[in-house]
Amino acid sequence: MSVNLTSDFESLSRWFHIQTGFVKSSLLTPPAQDRSSLQQVFQTLNARSCPKSYNFHLHTRRSDGQLEPYEVMEQAIEIGLKGLTITDHHSTQGYKEAQKWLDNWKHKYPKRVNQAPRLWTGVEINARLLAVDVHILGYAFDPDASSLQPYLQGCTTEGTDAYSAKNVIIAIQQGGGLAVLAHPARYRYPVPELITEAAHLGIDGIEVYYAYRHTNPWLPTAKITNQVKQLTDGYGLLNTCGTDTHGRNLLLRL
Ligand SMILES: [Zn+2]
Ligand SMILES: [Zn+2]
């Protein structure tokens, strides 16, 4: 195989900021920060992708969840997840511990490496959108990016300029990541208005598949999901799914 020097140079040059975004080279990016691979997965998601193939919304004890980060990874392997993100509130500590655990696990069980789920960085950030407080999920960003540090201190930025949805979206994208509006039908505000405004602010995706009712088994709420998906598709945004697990079972929301 020949090496294409021109495209390597192009890859390197993509480290520079392009407008508000930050396009990263897959050559130099850690897998957890590989935005384009995650984008590709998001494009394949449907109502059955979560919680047994993927899970892009869950919490550990590093915010308000009940699982240790390593327990999340043990369950992810047991379920046979292809990919996941830990989206603790205002913290990437749980992600970092899970990443270390996963690296060690792969080292310990080299023959099982292809059973290892893909792990991307994740976070859930409070923000103001129109007249409501919403949650914005960040994915595949650089956890050390300076733009994100105000949001990773374990508490909200309420009362500061950083709290606006616009600034949260920009911070995630400047950190190389994707910004997604979480559970859009949970805010007691018209969903079409929220999604329209989020789209205008440059959000990358909407958490379309979500169990608004705490069903067992976990199931996206069909009627709401269909409405949200129509709006999301209308703006050409990505669809994501996740259980929003806070308890001890990654297959349930509670
Ligand atoms: Zn939330
Ligand atoms: Zn959550």
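**Exercise 1. The open sheet**

Task: In this predicted model, determine what order the strands of the open sheet of five strands have.

Solution. The order of the open sheet is E6-E7-E8-E9-E10, and its pairing is mixed. Next, consider the borders of the sheet. Strand E6, residues 122-129, and strand E10, residues 238-241, are the edge strands, each of them pairing on one side only. Finally, consider the twist. On average, and with direction ignored, neighbouring strands of this sheet are turned by 40 degrees against each other.

**Exercise 2. The pair E8 and E9**

Task: State in what sense strands E8 and E9 pair, and over how many bridges.

Solution. Strand E8 covers residues 178-181 and strand E9 covers residues 205-209. The two strands pair in the parallel sense, over two bridges. Within this pair, valine 180 stands opposite glycine 205 of E9. The surroundings of E9 may then be added: this strand is mostly covered, with five of its five residues buried.

**Exercise 3. The crossing of H3 and H4**

Task: Decide which description fits the angle between helices H3 and H4: roughly parallel, roughly antiparallel, roughly perpendicular or oblique.

Solution. First, identify the helices: H3 spans residues 69-79 and H4 spans residues 93-108. Their axes come within 8 Å and cross at roughly 55 degrees. Second, apply the cut-offs: angles under 35 degrees count as roughly parallel, and 65 to 115 as roughly perpendicular. H3 and H4 are therefore oblique to each other. Third, the handedness: the crossing of H3 and H4 is right-handed. The contact is made on the H3 side by Pro69, Tyr70, Val72 and Met73, and on the H4 side by Gly94, Glu97, Ala98, Trp101 and Leu102. Sorted by character, the residues of this contact comprise seven nonpolar, one polar and one charged.

**Exercise 4. The chain as a whole**

Task: Establish how many helices and strands the chain has, and what percentage of its residues is buried.

Solution. The chain contains seven helices and 10 strands. Of its 254 residues, 41% are buried. As a last step, consider the contacts in the chain with a separation of 6 or more: residues 24 or more positions apart account for 73% of them.

Notes: Residues are numbered from 1 along each chain as its sequence is written. Chains are lettered from A and ligands numbered from 1 in the order in which they are written. This is a predicted model: local features need pLDDT of at least 70, side-chain atom pairs count only at pLDDT 80 or more; totals for chains, interfaces and linings use all residues. Two strands pair if DSSP finds at least two bridges between them. Helices (H or I, at least four residues) and strands (E, at least two) are DSSP runs, numbered from the N terminus. Axes are lines fitted to C-alpha atoms, for helices over the stretch in contact, and angles run from 0 to 180 degrees between N-to-C directions. A residue is buried if 20 or more other C-beta atoms lie within 10 Å of its own, exposed if 12 or fewer, and partly exposed in between; C-beta atoms are placed from the backbone. Two residues are in contact if their C-beta atoms, placed from the backbone, lie within 7 Å. Angles under 35 degrees count as roughly parallel, over 145 as roughly antiparallel, 65 to 115 as roughly perpendicular and the rest as oblique. A crossing is left-handed if the near helix is turned anticlockwise from the far one by less than a right angle, and right-handed if clockwise. Ala, Val, Leu, Ile, Met, Phe, Trp, Tyr, Cys and Pro count as nonpolar, Asp, Glu, Lys and Arg as charged, and the others, Gly among them, as polar.
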